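Hi everyone, thanks for making time for this. I'd like to walk you through one structure today, going from the inside outwards. Please have the picture open while I talk.

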Amino acid sequence: MREALNTGNAPYAVITGASGGLGKSFATACAARGYNLLMVDVAGSEVKKCCEFLQKNFDTTSLYMEADITTNSSAEDLLAFIRQHDIQVGLLINNAGIPQNEFFASTQPELLRNMVNVNCLGTINITKALLPELRKQPRSHIISVSSLGSFYTLPRKTCYSATKGFIRQFCQALAME
């Protein structure tokens with residue numbers, strides 16, 4: 001984790017799975033729109049490098065945290081960091097996810113468990129932890145990355161489609177609440 005710099009008045013976008021692919025694109029787009037960033041990704045990812053790049057190239061504060069979002073302690077640690085540094089969370093982007101590209105019978109059970117843990121439990125843990133912070137803002141948003149797979153049954157994406165369907169339904173119900 002990096003220490004907070006001058007956070008200014010701009011809200012923070014908290015982005016999971018922030019160091020590559022769609023997460024990195026979200027981080028760049030948010031920085032370009034003036035959001036400060038709190039980028040979250042697993043240890044060993046390039047989250048620090050990505051954070052430093054965005055800090056150098058955009059007029060925003062970029063912070064990072066290495067965490068396994070599937071654990072209760074990581075969600076609590078993230079919330080403690082946010083409160084310790086008086087970070088105003090205006091946007092949560094639940095992007096972390098694990099894909100599947102093999103037939104179910106060929107997919108290792110550990111990958112399937114990890115997929116459910118990251119795609120479903122990770123989204124729940126982070127959303128539950130940050131919802132009180134988001135509600136403090138007059139206007140805040142949650143974006144949870146799903147997939148067209150959430151609408152269709154797809155071979156070679158058996159468990160993946162199911163987890164993305166979970167995310168879609170979870171978020172629709174949350175929006176109704």
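Let's begin with the largest nonpolar core, which has 22 residues; V14, L38, L78, I82, I87, I126 and L130 are the ones that touch the most other members. Keep in mind as we go that this is a predicted model. Where does this core come from? Strand 1 (12–16), strand 2 (36–41), strand 3 (62–66), helix 3 (72–84), strand 4 (89–94) and helix 4 each supply at least two of its residues. If you are new to this, here is the background: in soluble globular proteins, nonpolar side chains tend to be buried together.

Take I126 as an example. Setting aside residues up to four places away in sequence, I126 touches T16, I69, A75, L78, L92 and N94. There is also a second, separate core, made of 16 residues, and among them are I15, A27, C50 and I93.

Now let's stay with helix 4, where we find both T123 and E133. Is T123 buried or exposed? Its relative accessible area is 4%, under the 20% cut-off, so T123 counts as buried. A polar atom of the T123 side chain lies 3.0 Å from the backbone oxygen of N119. Leaving out neighbours within four places in sequence, T123 is in contact with N94, V118, S144, I167 and F170.

E133 might catch your eye next. With a relative accessible area of 5%, E133 is buried as well. Which side chain does E133 meet in a polar contact of 2.9 Å? The partner is R83. R83 also appears among the contacts of E133 beyond four places in sequence, together with L79, I82, I87 and V89. And here is a nice one to find on your screens: E133 and Q88 are 45 residues apart along the chain, yet their C-alpha atoms are separated by 7.3 Å.

Let's move to the loops. N95 sits in the loop between strand 4 and helix 4. N95 counts as buried, because its relative accessibility of 11% is under 20%. What lies 2.9 Å from a polar atom of the N95 side chain? That is the backbone oxygen of G17. Apart from neighbours within four places in sequence, N95 is in contact with T16, G17, L22, G23, F26 and V145.

Next comes G34, in the loop between helix 1 (21–32) and strand 2. G34 is partly exposed, at 32% relative accessible area. Its contacts, again without neighbours within four places in sequence, are A10 and T60. G34 and T60 are 26 residues apart in sequence, and their C-alpha atoms are 6.3 Å apart in space.

Two more loop residues are worth a look for their backbone angles. D86, in the loop between helix 3 and strand 4, has a phi near 50°, which is a positive value in a residue other than glycine. D86 is exposed, because its relative accessible area of 56% is over 50%. R156 is not a glycine either, and it has a positive phi of about 70°. You'll find R156 in the loop between strand 5 and helix 5, and at 40% relative accessibility R156 counts as partly exposed.

Last topic: the pockets. Rolling a probe the size of a water molecule over the atoms shows where empty space is left. How much space lies in the largest pocket? About 220 Å³. It is lined by 14 residues, and the closest to its centre are G17, D41, V42, A96 and G97. You have met G17 already, as the residue whose backbone oxygen lies 2.9 Å from the N95 side chain. By class, this lining has seven nonpolar, five polar and two charged residues.

The second largest pocket has a volume of about 190 Å³. Which element gives the largest share of its lining? Helix 5 does, with five residues. Helix 4 (109–135), strand 5 (141–144) and helix 5 (158–176) each supply at least two. The residues lining this pocket include L131, R135, S144 and I167, and S144 and I167 are also among the contacts of T123. Here the classes divide into six nonpolar, two polar and three charged.

That's my tour. Thanks for listening, and do ask me anything!

Terms used: Residues numbered from 1 in each chain as written. Predicted model: local features only at pLDDT ≥ 70, side-chain atom pairs only at ≥ 80, totals over all residues. Heavy atoms only, no water. 1 Å grid on protein atoms, 1.4 Å probe; cavity = no way out; pocket = protein on both sides within 12 Å on 5 of 7 lines; lining within 4 Å. Points joined across faces, edges and corners; volume = space filled by probe spheres on them. Nonpolar A, V, L, I, M, F, W, Y, C, P; charged D, E, K, R; others polar. Helix = DSSP H or I, 4+ residues; strand = E, 2+ residues; numbered from the N terminus. Core = buried A, V, L, I, M, F, W, Y, C linked by side-chain atoms within 4.5 Å. Buried < 20%, exposed > 50% of the residue type's maximum accessible area, 1.4 Å probe, protein only. Contact = heavy atoms within 4.5 Å. Polar contact = N/O pair within 3.5 Å; in protein donor to acceptor, adjacent residues only side chain to side chain.
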